[in-house]
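Subject: Structure handover

Hello,

Here is the structure I promised you. Please open it beside this email and follow along.

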Amino acid sequence: MNASISIPGKVVVFDYGEVISVSPSEADRATIAGLAGGESSAFWPAYWRHRDALDQGTMTIRDYWRGIGSELGEQWSDSKIHRLWLADFRSWLSIDHETLDVLIDLQEGGTRLALLSNAGRDFGSYFRHGSLGDIFEAVFVSGELGTIKPSADIFEIVMGELGITAADMIFIDNREDNVRGAEVLGITGHVFTGAADLRRFLESLAT
């Protein structure tokens, strides 16, 4: 049984995708690509090319999927777009149970926790009103803020809302560029590679 992790005076800010959540499964990816009706080799590059605009809130869900369809030579109906969105949304909902255990141990230790995700506005309700909402004192979604990691702006917004300085923040993300963007501001960062390494890192900071 794991012990609680107490890091007084700090706020640990977590990324969501592929840190708290697991990567979409091959079955999920096959379902999405199958709905799109194109070759996976063409679909996935198009899927990611438009993602920053969606996550930054400068593109609607409908326009995001229409942009992908246009690249594939497809004109999807609104019904097809809804089905694609739903399959994609569901694919990001599976939680890494070992990371969840770390979160709960931090919560039980009285450590302040927040979530910062590059995600569309549609994820805000899930983050806040699903079971994760009971863990985090604040949730920050890039699509609602109009800026994405690793921009300094988004970290400044987070620190301002939490009432902390860079010295008070610990940031966890699976993408090295996002972590380095935080570290440039003086935030303590950790590149997530797995829950065991994360636990060791946090315990090294605990009292």
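Start with Arg180, which is partly exposed, at a relative accessible area of 35%. Keep in mind throughout that this is a predicted model.

**Helix 10 and its salt bridges**

Which residue does Arg180 pair with? Its side chain meets that of Glu183 in a salt bridge, at 2.7 Å from N to O. Glu183 is partly exposed too, with a relative accessible area of 31%. The two residues sit three places apart in helix 10, so about one helical turn separates them. There is a general reason why such pairs can meet: an α-helix has 3.6 residues a turn, so residues three or four places apart point the same way.

Now look at the buried residues of this helix. Helix 10 covers residues 176–183, and Asn178, Val179, Gly181 and Ala182 are buried in it. Where do they lie around the axis? They span an arc of only 155°, so they are on the same side of helix 10. Several elements cover these buried residues, including helix 9 (152–162), strand 4 (169–173) and strand 5 (188–191).

Another salt bridge is formed by Arg175 and Asp177. Their closest N and O atoms are 2.7 Å apart. Arg175 is partly exposed at 40% relative accessible area. Asp177 is partly exposed as well, at 34%.

**More salt bridges**

How many salt bridges are there? The count comes to 13. One of them joins Asp78 and Arg66, with the closest N and O atoms 3.3 Å apart. This pair links distant parts of the chain. Asp78 belongs to helix 5 and Arg66 to helix 4, twelve residues apart. Both ends are partly exposed: Asp78 has a relative accessible area of 43%, and Arg66 has 42%.

**Helix 4 and its surroundings**

Stay with helix 4 for a moment. Its buried residues are Tyr64, Trp65, Gly67, Ile68 and Gly69. What covers them? The cover includes helix 1 (26–36), helix 2 (40–49), helix 3 and helix 5. After helix 4 comes Gly73, with a positive phi near 75°.

Next, find Arg51 in helix 3. Is Arg51 buried or exposed? It is buried, with a relative accessible area of 8%, and the cut-off for buried is under 20%. Leaving out residues up to four places away in sequence, Arg51 touches Tyr64, Asp88 and Trp92. Tyr64 is one of the buried residues of helix 4.

**The largest pocket**

How much space does the largest pocket hold? It has about 460 Å³. It is lined by 27 residues. Closest to its centre are Gly17, Trp48, Asp55, Trp92 and Asn118. Trp92 is also a contact of Arg51.

Three helices each give at least two residues to the lining: helix 3 (51–55), helix 4 (61–71) and helix 5 (78–91). Which one gives the largest share? Helix 3 does, with four residues. By type, the lining has eleven nonpolar, six polar and ten charged residues.

**Two backbone features to check**

Most residues other than glycine have a negative phi, and most peptide bonds are trans. Two places here are worth a look with that in mind.

Take Glu18 to begin with. Its phi is positive, near 65°, and it is not a glycine. You will find Glu18 in the loop between strand 1 (11–14) and helix 1. Glu18 counts as partly exposed, at 33% relative accessibility.

Then turn to Pro150. A cis peptide bond joins Lys149 to Pro150, with omega at about 10°. Pro150 is in the loop between helix 8 (142–145) and helix 9.

**Where to begin**

For a quick tour, try these stops:

- Helix 10, for the salt bridge of Glu183 and Arg180.
- Helix 3, for the buried Arg51 and its contacts with Tyr64, Asp88 and Trp92.
- The largest pocket, with Gly17 and Asn118 among the residues closest to its centre.
- Lys149 and Pro150, for the cis peptide bond.

Best wishes

Definitions and conventions: Residues numbered from 1 in each chain as written. Predicted model: local features only at pLDDT ≥ 70, side-chain atom pairs only at ≥ 80, totals over all residues. Heavy atoms only, no water. 1 Å grid on protein atoms, 1.4 Å probe; cavity = no way out; pocket = protein on both sides within 12 Å on 5 of 7 lines; lining within 4 Å. Points joined across faces, edges and corners; volume = space filled by probe spheres on them. Nonpolar A, V, L, I, M, F, W, Y, C, P; charged D, E, K, R; others polar. Buried < 20%, exposed > 50% of the residue type's maximum accessible area, 1.4 Å probe, protein only. Arc of directions from axis to C-beta. Contact = heavy atoms within 4.5 Å. Salt bridge = Lys/Arg side-chain N within 4 Å of Asp/Glu carboxyl O.
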